[in-house]
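Good morning, and thank you for coming. I would like to walk you through one structure, helix by helix. Please keep the display in view while I speak.

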Amino acid sequence: MDLVERYLNALAAQLPKAVREDIVAELRDEIIGRLEALEARLGRPATDDEVEGLLREVGHPLSVAARYRPGPQALIGPTLYPWWLFGAKVGLVVMAGFTLVGLAVRVLVGDIYVGQAVGQAFASLFSGAVTVVGLLTIAGFILERQEKKPDFIAQWRVKDLGVFELGGDFDAERWTSDRIARGEWFSRGRERPSKSGREVRKGAQMSPVARAAASAIGWSVMLLWWTGLLQIRPIQPEEWAGVVDGVNYGRILGQMFAVAYWPVILFAVCRIGFDLMRVIAGANARLTAAGDILFGLAAAWGVLWIWFWSALSPVIWVGTATAFFERIRILIDRSGGQEASLATILMVVVVWAFAVEVARIVRAGARLAAGADKKAA
């Protein structure tokens, strides 16, 4: 009986005080009843080992107590887990992108041996992955314990499920040896009607809510990286290209980083908040379009700042379209050397970025006028 009492004391410590006595009394009666039945079958008192075995059948005190506690019994339940996994994939892909950019820069500028750069990149990727997964788990833990779950979990629509069809083409069975042995490796085309590229793209589109969630996660990772809170080795401005043709690109980027630091943080925070609002509201088409216009204008203004007023402006700025295309011609002919090529590439990138933002604003304006849910982004 001493073992039974010790078991019940350990169990009682895990139970809410309001119901502790009633539950312990109920379990005591159950355990004693099972112990008496065991001793009746044996025809003698049970040994300590036999009592231990009986108590193990009842269950560990932590597990038994969990049955009587209100609320979820899992860190992240089966309903929310697929969303957590989706978020983890998006966050890790974005983080891997930042890591690869840093790796490429360090290798290209030659400030470190390739093997050392790869090793540091893997270390950064691992620590960053722990941070991303940890933050997502905390968010999932909080959501799991809310009485009312977000609408995007329960109020989904069948027409938004096309993204999940993409997984059908990556069935793990196709990669097993018995699949090859049966000669079915190359039989995919006979198993189902082939789809055109347009049909595949259309079927693989994310739902508006999924895109909003992915955007929020991606911008969150970017914000953590930008502020240095994500444990990925930051790219120092002085590591970029150094001095080329008398132009200190490291110093220029350092000045640009100092000026843009807080505006980028503000932009990212607003973007994350807007995307979360889209998730909660179901990614309303007009709301999404209005936000795309505002954020497109802000991004376009940032590109104009780079072109006209930043420390990089004297290097990339041209006053006429003729001068713009002349620099491109020199780049193509490679008659200007590496120096002209670097400045011209930066010039083209900035102009292209501005054109992309203008196109985004125009498309968002059309969606705002039409208000079509299916075009929400």
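This is a predicted model. Let us begin with the buried residues of helix α2, which are Ile23, Val24, Leu27, Ile31, Leu35 and Leu38. What covers these buried residues? The cover includes α1, residues 2-12, together with α3 and α4, the last of these being residues 61-66.

Now consider the length of the helix. α2 has 23 residues, and at 1.5 Å a residue it should span 33 Å. The C-alpha atoms at its ends are 32 Å apart, which agrees with that expectation. After α2 comes glycine 43, and the phi of this glycine is positive, near 75 degrees.

I turn next to the partner of α2. How do the axes of α2 and α3 cross? Helix α2, residues 20-42, and helix α3, residues 48-58, have axes that come within 11 Å and cross at roughly 135 degrees. Angles over 145 degrees would count as roughly antiparallel, and those from 65 to 115 as roughly perpendicular; α2 is therefore oblique to α3. The crossing of these two helices is right-handed.

Which residues make this contact? From α2 there are Ile31, Arg34, Leu35, Leu38 and Leu42, and they meet Glu50, Val51, Leu54, Leu55, Glu57 and Val58 of α3. By class, the residues of this contact are eight nonpolar, three charged and no polar. Please note that Ile31, Leu35 and Leu38 in this contact are also among the buried residues of α2.

Let us move along the chain to a second pair. Helix α13, residues 249-281, packs with helix α14, residues 285-308, at an angle of about 170 degrees, and their axes are 11 Å apart. Because angles over 145 degrees count as roughly antiparallel, α13 is described as roughly antiparallel to α14. On the α13 side, the contact includes Met256, Val259, Phe267 and Phe274. On the α14 side, Leu287, Phe295, Trp305 and Ile306 are among the residues involved. The residues of this contact divide into 13 nonpolar, two polar and three charged.

Finally, I draw your attention to a single residue, glutamate 357, which lies in helix α17, residues 337-370. Is this glutamate buried or exposed? Its relative accessibility is 13%, so glutamate 357 counts as buried, the cut-off being under 20%. Leaving aside residues up to four places away in sequence, glutamate 357 touches Gly296, Ala299 and Ala300. Of these, Ala299 also appears in the contact of α13 with α14.

Thank you for your attention.

Definitions and conventions:
Residues are numbered from 1 along each chain as its sequence is written. This is a predicted model: local features need pLDDT of at least 70, side-chain atom pairs count only at pLDDT 80 or more; totals for chains, interfaces and linings use all residues. Side-chain values use heavy atoms; hydrogens and water are left out. Axes are lines fitted to C-alpha atoms, for helices over the stretch in contact, and angles run from 0 to 180 degrees between N-to-C directions. Helices (H or I, at least four residues) and strands (E, at least two) are DSSP runs, numbered from the N terminus. Angles under 35 degrees count as roughly parallel, over 145 as roughly antiparallel, 65 to 115 as roughly perpendicular and the rest as oblique. A crossing is left-handed if the near helix is turned anticlockwise from the far one by less than a right angle, and right-handed if clockwise. Contact means heavy atoms within 4.5 Å. Ala, Val, Leu, Ile, Met, Phe, Trp, Tyr, Cys and Pro count as nonpolar, Asp, Glu, Lys and Arg as charged, and the others, Gly among them, as polar. The expected span of a helix is 1.5 Å times one less than its number of residues. Buried means under 20% relative accessible area, exposed over 50%, partly exposed in between (1.4 Å probe, protein chains only).
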